[in-house]
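Here's a quick briefing to read with the model open beside you. Take it topic by topic and click along as you go.

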Amino acid sequence: MAFRFEDLQVWQKAIDLDEQINQLTKTFPKEEVFVLTSQIKRAADSVVLNIAEGSTGQSKAVFKLFLNYSLRSAIEVVSCLFIAKRRTYINDVLFKELYTEYEVLVKMITALRNSL
């Protein structure tokens, strides 16, 4: 693989979840396209992008900084999921599934950050 981030399991998990969020937002009401849809998609993208960008940094400290950004974005996705559930755009089963997947991702990001 050409880039370091491609080999990272945490990046692979993040990009898989990013695609799930992208597919999910296609079911949101049209009036949310510039609000919740945009917000959750940008946050999910940010998780993936910050892991990739940080992995090519000049130092472990830089990578840790970008992993912190990635963590914050993952938490933002989870918060958006709560909003989507409250607005009844997603059901409890899907919410719990994605919540659990993001919980795993957050633990993976944290473990990587702590290992540096």
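In which helix is Glu-76 found? Glu-76 is found in helix H3, and there's more on that residue further down. Keep in mind that this is a predicted model. The story here is mostly about helices H1, H2, H3 and H4, which each supply at least two residues of the largest nonpolar core.

**The nonpolar core**

- The largest nonpolar core has 34 residues. If you want the ones that touch the most other members, pick out Ile-21, Ile-51, Val-77, Leu-81, Tyr-102, Leu-105 and Ile-109.
- Helices H1 (9-25), H2 (36-55), H3 (60-86) and H4 (92-115) each put in at least two residues, and H3 gives the most, with 9.
- Leu-81 is a handy place to start looking. Setting aside neighbours within four places in sequence, Leu-81 is in contact with Ile-21, Leu-24, Ile-40, Ile-90, Phe-95, Leu-98 and Tyr-99.
- As general background, nonpolar side chains tend to be buried together in soluble globular proteins.

**H1 against H2**

- The axes of H1 and H2 sit 9 Å apart, and the two helices pack at an angle of about 165°. An angle over 145 degrees counts as roughly antiparallel, so that's what H1 and H2 are to each other.
- The crossing of H1 and H2 is left-handed.
- On the H1 side, the residues that meet H2 are Val-10, Trp-11, Ala-14, Ile-15, Asp-18, Ile-21, Asn-22 and Thr-25. Their partners in H2 are Thr-37, Ile-40, Lys-41, Ala-44, Asp-45, Val-47, Val-48, Ile-51 and Ala-52.
- Sorted by class, this H1 and H2 contact has 11 nonpolar, 3 polar and 3 charged residues.
- Thr-25, one of the H1 residues in that contact, is buried, with a relative accessible area of 5%. Not counting residues up to four places away in sequence, Thr-25 touches Thr-37, Ile-40 and Lys-41.

**H1 against H4**

- H1 and H4 have axes that come within 10 Å and cross at roughly 155°. That makes H1 and H4 roughly antiparallel to each other, and their crossing is left-handed.
- From H1, the contact takes in Gln-9, Val-10, Lys-13, Ala-14, Leu-17, Asp-18, Gln-20, Ile-21 and Leu-24. From H4, look for Leu-94, Leu-98, Glu-101, Tyr-102, Val-104, Leu-105, Met-108, Ile-109 and Leu-112.
- The class split for the H1 and H4 contact is 13 nonpolar, 2 polar and 3 charged residues.

**H3 against H4**

- The axes of H3 and H4 come within 10 Å, crossing at roughly 170°. H3 and H4 are therefore roughly antiparallel to each other.
- Residues of the H3 and H4 contact divide into 16 nonpolar, 3 polar and 4 charged.

**Three residues to click on in H3**

- Tyr-69 lies in helix H3 and counts as partly exposed, at 31% relative accessibility. Tyr-69 and Val-47 are 22 residues apart in sequence, yet their C-alpha atoms are 7.5 Å apart in space.
- Ser-70 is in helix H3 too. Is Ser-70 buried or exposed? Ser-70 is buried, with a relative accessible area of 0%.
- Ser-70 touches Val-47, Asn-50, Ile-51 and Ile-109, leaving out residues up to four places away in sequence. Two of those names, Ile-51 and Ile-109, also turn up among the core residues that touch the most other members.
- Glu-76 counts as partly exposed at 28% relative accessibility. Without its neighbours within four places in sequence, Glu-76 is in contact with Gln-39 and Ala-43.
- Glu-76 and Ile-40 are 36 residues apart in sequence, but 7.5 Å apart from C-alpha to C-alpha.

**One backbone oddity**

- Most residues other than glycine have a negative phi. Thr-88 has a positive phi of about 60° although it is not a glycine.
- Where does Thr-88 lie? Thr-88 lies in the loop between H3 and H4.
- Thr-88 is exposed, with a relative accessible area of 66%.

Methods: Residues numbered from 1 in each chain as written. Predicted model: local features only at pLDDT ≥ 70, side-chain atom pairs only at ≥ 80, totals over all residues. Heavy atoms only, no water. Core = buried A, V, L, I, M, F, W, Y, C linked by side-chain atoms within 4.5 Å. Buried < 20%, exposed > 50% of the residue type's maximum accessible area, 1.4 Å probe, protein only. Helix = DSSP H or I, 4+ residues; strand = E, 2+ residues; numbered from the N terminus. Contact = heavy atoms within 4.5 Å. Axes fitted to C-alpha atoms, helices over the stretch in contact; angles between N-to-C directions. Parallel < 35°, antiparallel > 145°, perpendicular 65-115°, else oblique. Left-handed = near helix turned anticlockwise from the far one by under 90°. Nonpolar A, V, L, I, M, F, W, Y, C, P; charged D, E, K, R; others polar.
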